[in-house]
Each structure stands twice: as C-alpha cells, then as structure tokens.
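Got your viewer open and a selection box ready? Load the model below and follow along, one stop at a time.

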Amino acid sequence: MNVDIAARVHGDALARGVLRRYGEHLPLTPDMPLISLGEGDTPLVRSTSIERDVGCAELYFKLESCNPTGSFKDRGMVVAVAKAIGDGATALMCASTGNTSASAAAYGARYGLGVYVIVPDGKIARGKLAQGSVHGAEIIAVDGNFDVALGMARAITSRHPIALVNSVNPFRIEGQKTAAFEIADALGEAPDVLAIPVGNAGNITAYWRGFIEYQRLERTTRRPRMLGFQAAGAAPLVSGEPVADPQTVASAIRIGNPASWTSAVEARDASGGGIGAVTDDEILSAYDRLAREEGIFCEPASAACVAGMLKRAAAGESFAGQVVVCVITGSGLKDPETALRAEPAIHRVPAEFEAIEREMGWA
Ligand SMILES: *Cc1c(COP(=O)(O)O)cnc(C)c1O
C-alpha cells in the first residue's frame, strides 16, 4: 500500500463498514486496505399500510437509501475500490445511470483516485449529477443509452490501467451480497420473498448469492423466492430480448441489455421466483404511497418492487403468512424532478400568525 493511501485509510476503523463487518465472507487479500465511508448496516423497517394490501404476514423495507451516497451501490463500490487500490490502480471508471457514478466519485475522492464516469447525456437525475460533480469526478456524457456507455467503459478500461467499477466487476457483486446477510441477521432467518428492482441485474444476482452462502453456512435454513421487477419500457428479462431504446421514469433501471442477464435468470429460476414488469404509472403510484403512508422517500426505481408486489397481490396471488422484504435501493433526494413533477401545493400568506391560522383552518 502506498504512503498516501495509508494516510487516507487512517481512521476508517471507526466507520466499520462492509469490509470489516463481513470480511470473512469477502474475497479480501492483504493488499486491499479496509476502507469505509460507513456503508452497510442499513435499517430494516416494517410497513405500516402497504403490508395490508400485499396481504402478507410481515412486510419490511430494507432502506439502502441510508448508505453514504444514498444508494446500495456503496456496498459493492467499497470492495471494488479496495481491490483497485490493492492492485495499484490510480483511477476508476464506470458507466452509470447515476448512482454508480455518485458512489465511485465519493470513494475516489476520499482515497485520492481519479474518477471518470460515462453517462447517457440528459438522462441522469439531477441529484446524482450533483454528487458526481461535487466530488470532482470527470463526467463524460455520450449521445447513447446506458448500454452504449457501458460498452465504452469496458473498451477504455481494457486499454488502460483504470479499474472498471461497474457491476461486471465481480468485487461489486461480492460487496452487495452483504445486504442479504443483514436481512437474514435481522430477521433470524431468510424471508419468504425478496422483492427487488432489476436494471443491470447485478443486485438480484448479489442478493441470491448472499442468501445461498448464508444457508450453506447454516445461518439460515431456507432461501427466499426472488421476485424481480423491471419497468415496462425497459423489461428485457420479461420479454426475453434486449430492448434497443429503453424508456422509463425510473432512470436507475432504464437499461435494455442487462450485464448480469444469465445470473438474474438463474436466481429467478433456482428460487422459484419471477421477474415481472410494472408501468411508470404503477411505479409512481407506489412511490407516492411510500412517501405519504410509510414516510419513505425513495427514487422511482426503488418503488418498482413495491409496485410489483401490489400488482401481484391485486392479480390474486396470495402472500398469506409470508415474510416479504422490499429493497429500497436509493434515496428520493436524488431525483427532485420526479418529486416535483406536479407543482407543490404551497400556501402563500403574509407573515402574520392570524393569516397562517386562517389558512390552516385552525382560526
Ligand atoms: C443501480 C440501481 C438499481 C438497479 O440495480 P441493478 O443491479 O442494476 O439491477 C435499482 N435502483 C437503484 C436506486 C439503483 O441505483
């Protein structure tokens, strides 16, 4: 490890993080520093109202939005960046719909690595663009979708000593599987159903791996059914064919040709689960309900798994007696455009308490 990195890693022990908590389950080598921005250990919060409509015994939300950069990407990024540092890389690159770049930018800034992100021009939620920008990443916008951007990132990193930190990097998947460990640790057993949004399909792959490993270690006695949900306009795993021009309000899952296609299908089939599609209207309706009834402000992609569970229940599927976990993958603050898609209802009154009370109906 070079001296500069040693100085930066100094003090990371207190943050604990994924590498320290779950290092025994990760492919760590002596070259990899135990870095952390405090990722992982996110809350598992019980539903107050959506649980009733799904008709299950218990419904929980795994709040991955509580990670340091506001999405689950940090769990895998910390492992991929430790590996990159261990290998002596001085720069990171990723293609991104926004959250991977936000995470790479934060870890890169902290550990003194250059960060290059390739994004589809004009298709990145404002909050995510802000994150990449404030952390000082080089943001390269291309006139193509995510799948095109990933092709570019693969080509460039194969030609230079730059670490590719997309989920095609196996260390990303390894880190992300720790969320399954946390769910099983919190519940004392694997849930009956794990509901998750699916874009590039790295995360459904990672959770499935985590649940398999925990069962092998006899930390749990069973595995969940994996229920993945894609946006209807970007649902290649539902149609069985790549989508050339994916479209959805849920920008984090606007992906037409998932890199982890095969392993997602395997997780679906081996678990007796399914991958379904939800429309943008269904996503936004679940997004509004999460905010107004559950107190959870997530990004549209995250709401896709809740929309999907409501849709399956409404179509007559019974979840009676089952424990369900929905993965809330990212924070609503990342996508203010969607939050403010309708003009917010603001009451404008003079700064006089009587006027405010009248407006409140409490006069
Ligand atoms: C990356 C991301 C997804 C999709 O995860 P994949 O591993 O690409 O399937 C879903 N939601 C959010 C908020 C994300 O950042």
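Start by selecting methionine 360, which sits in helix α16, residues 353-360. (Helices here are DSSP runs of H or I with at least four residues, strands are runs of E with at least two, and both are numbered from the N terminus.) Add Val349, Ile356 and Trp362 to Met360, and you have a nonpolar surface patch of about 440 Å². Patch members have over 30% relative accessible area and no salt bridge; like charges are joined within 9 Å, and nonpolar side chains (Val, Leu, Ile, Met, Phe, Trp, Tyr) within 5 Å. The areas come from the Shrake-Rupley method with a 1.4 Å probe, and for residues only the protein chains shown count as cover.

Some housekeeping before moving on: this is a predicted model, with local features needing pLDDT of at least 70 and side-chain atom pairs counting only at pLDDT 80 or more, while totals for chains, interfaces and linings use all residues. Residues are numbered from 1 along each chain as its sequence is written, and side-chain values use heavy atoms, with hydrogens and water left out.

**Next: lysine 334**

Jump to lysine 334, in the loop between β10 (323-328) and α15 (336-339). Which side chain of opposite charge is nearest to lysine 334? That is glutamate 299, 5.4 Å away, and lysine 334 is buried yet has no salt bridge. For the cut-offs: buried means under 20% relative accessible area, exposed over 50%, and partly exposed in between (1.4 Å probe, protein chains only). A salt bridge needs a side-chain nitrogen of Lys or Arg within 4 Å of a carboxyl oxygen of Asp or Glu. On the charge count, Lys and Arg are positive and Asp and Glu negative, with His and the chain ends not counted.

Now show asparagine 99: its side chain and that of lysine 334 make a polar contact of 2.7 Å. (A polar contact is a pair of N or O atoms within 3.5 Å; within protein, one must be able to donate a hydrogen and the other to accept it, and residues adjacent in sequence count only if both atoms are side-chain atoms.) Leaving aside neighbours within four places in sequence, the contacts of lysine 334 include Thr69, Ser71, Ala125, Arg126 and Gln131, where contact means heavy atoms within 4.5 Å.

**Hop across to arginine 126**

Arginine 126 belongs to helix α6, residues 126-134. Is arginine 126 buried or exposed? It is exposed, at 55% relative accessible area. Not counting residues up to four places away in sequence, arginine 126 touches Lys334, Pro336 and Glu337. For a distance label, try arginine 126 to leucine 227: their C-alpha atoms are separated by 29 Å, with these positions 101 residues apart along the chain.

**Over to strand β10**

Select valine 323 in β10; this residue is buried, with a relative accessible area of 15%. Beyond its neighbours within four places in sequence, valine 323 is in contact with Glu58, Tyr60, Leu187, Pro191, Asp192 and Val193.

**A round of salt bridges**

Side chains of opposite charge can pair when their charged atoms come close. How many salt bridges does the structure hold? The structure holds 20.

Stay with aspartate 192, and bring up arginine 222: these two form a salt bridge, with the closest N and O atoms 3.6 Å apart. Arginine 222 lies in the loop between α10 (202-216) and β8 (225-231) and aspartate 192 in the loop between α9 (178-187) and β7 (193-197), so the pair ties together parts 30 residues apart in sequence. Both ends are partly exposed: arginine 222 at 31% and aspartate 192 at 23%.

While the charged residues are showing, pick out Arg21, Asp41, Lys62, Glu64, Arg75 and Glu182, which salt bridges with shared partners join into one network. Then zoom to arginine 46 and glutamate 51, whose side chains meet in a salt bridge at 2.7 Å, N to O. Arginine 46 is partly exposed at 40%, whereas glutamate 51 is buried at 14%.

**Last stops: serine 36 and two positive phi values**

Serine 36 is in the loop between α2 (17-22) and β1 (44-46), buried at 1% relative accessible area. Its side chain reaches the backbone nitrogen of glycine 38 at 2.8 Å, and a polar contact of 3.0 Å links the side chains of serine 36 and glutamate 39. Arg16 is one of the contacts of serine 36 outside four places in sequence.

Select arginine 16 and check its phi: near 60 degrees, a positive value in a residue other than glycine. Finish at alanine 201, in the loop between β7 and α10, where phi is near 75 degrees.
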